[in-house]
Amino acid sequence: MRKAPSIIPTDRLDRDMYLVLEDFSGGPAWRETDEDRTDYLILINDLLNGQYDHPLRVVAFNPLEGWSRDATEDVARELERWVAEGHEVTDPVREFIERFTGRPIGVQLLLPLREF
């Protein structure tokens, strides 16, 4: 069977794109976003700036290369790095980071005191 040619220019498809599954009051749904806001760094910036209220998952895909994958843990680790550098995040994004890294963030660990 022959493949039909794409009506979308390939230069728009030849990049990795990221979409967020968000928990809305009516239930989880993929967040609608403009095509130019699906870039990795823009996604990270939008998460840091509170553009997503309750992120659940992140999926990465590249239509031209024909792959998709769950990028949730990668995004959570990247956000964790930004928080460690002093960036503030909303509570739901903090919960997202903690859920997928398995580590609490912004928590001061107690060190045992030495007796002299």
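Start by selecting residues 72-84, helix α3. In this predicted model, α3 lies across strands β3 and β4, and its direction makes an angle of about 115° with β3.

Now pick the strands under that helix. β3 covers residues 55-62 and pairs with β4 in the antiparallel sense, over 4 bridges. To find your place in that pairing, show alanine 60: the residue standing opposite, in β4, is arginine 69.

Zoom out to the whole sheet. It's an open one with 4 strands, ordered β2-β1-β3-β4, and the pairing is antiparallel. Why do β2 and β4 each have one side without a neighbour in the sheet? Colour 27-30 (β2) and 67-70 (β4) and you'll see that they stand at the edges, each with a single partner strand, so there is nothing in the sheet to flank the other side. Ignoring direction, neighbouring strands here are turned against each other by 20° on average.

Next stop: aromatic rings. There are 2 aromatic pairs to look for. Show tyrosine 18 and tyrosine 40 as sticks; their rings form a tilted pair, with 5.1 Å between centres and 55° between planes. Tyrosine 18 sits in strand β1 (residues 17-24) and tyrosine 40 in helix α2 (residues 40-48), so the pair ties together parts 22 residues apart in sequence. Are the two buried or exposed? Tyrosine 18 has a relative accessible area of 9%, so it is buried. Tyrosine 40, at 22%, counts as partly exposed, because buried means under 20%.

For the other pair, go to phenylalanine 96 and phenylalanine 100: tilted again, at 5.3 Å centre to centre and 55° between the planes. Both are in helix α4 (residues 91-101), 4 residues apart, or about one turn of the helix. Phenylalanine 96 is buried at 0% relative accessibility, and phenylalanine 100 is also buried, at 16%.

Keep Phe96 on screen and move to the core. How many residues does the largest nonpolar core have? There are 20, and the ones with the most contacts inside it are Leu43, Leu47, Val58, Val75, Leu79, Phe96 and Ile97. Two or more residues come from each of β1, α2, β3, α3 and α4. As background, nonpolar side chains in soluble globular proteins tend to be buried together.

Finish by centring on valine 75. Leaving aside residues up to four places away in sequence, valine 75 touches Tyr40, Leu43, Ile44, Leu47, Val58 and Phe96. Two names from the ring stops are back in that list: Tyr40 and Phe96.

Definitions and conventions. Residues numbered from 1 in each chain as written. Predicted model: local features only at pLDDT ≥ 70, side-chain atom pairs only at ≥ 80, totals over all residues. Heavy atoms only, no water. Pairing = 2+ DSSP bridges. Axes fitted to C-alpha atoms, helices over the stretch in contact; angles between N-to-C directions. Contact = heavy atoms within 4.5 Å. Phe/Tyr/Trp six-rings, centres within 6.5 Å; stacked < 30°, edge-to-face > 60°. Buried < 20%, exposed > 50% of the residue type's maximum accessible area, 1.4 Å probe, protein only. Core = buried A, V, L, I, M, F, W, Y, C linked by side-chain atoms within 4.5 Å.
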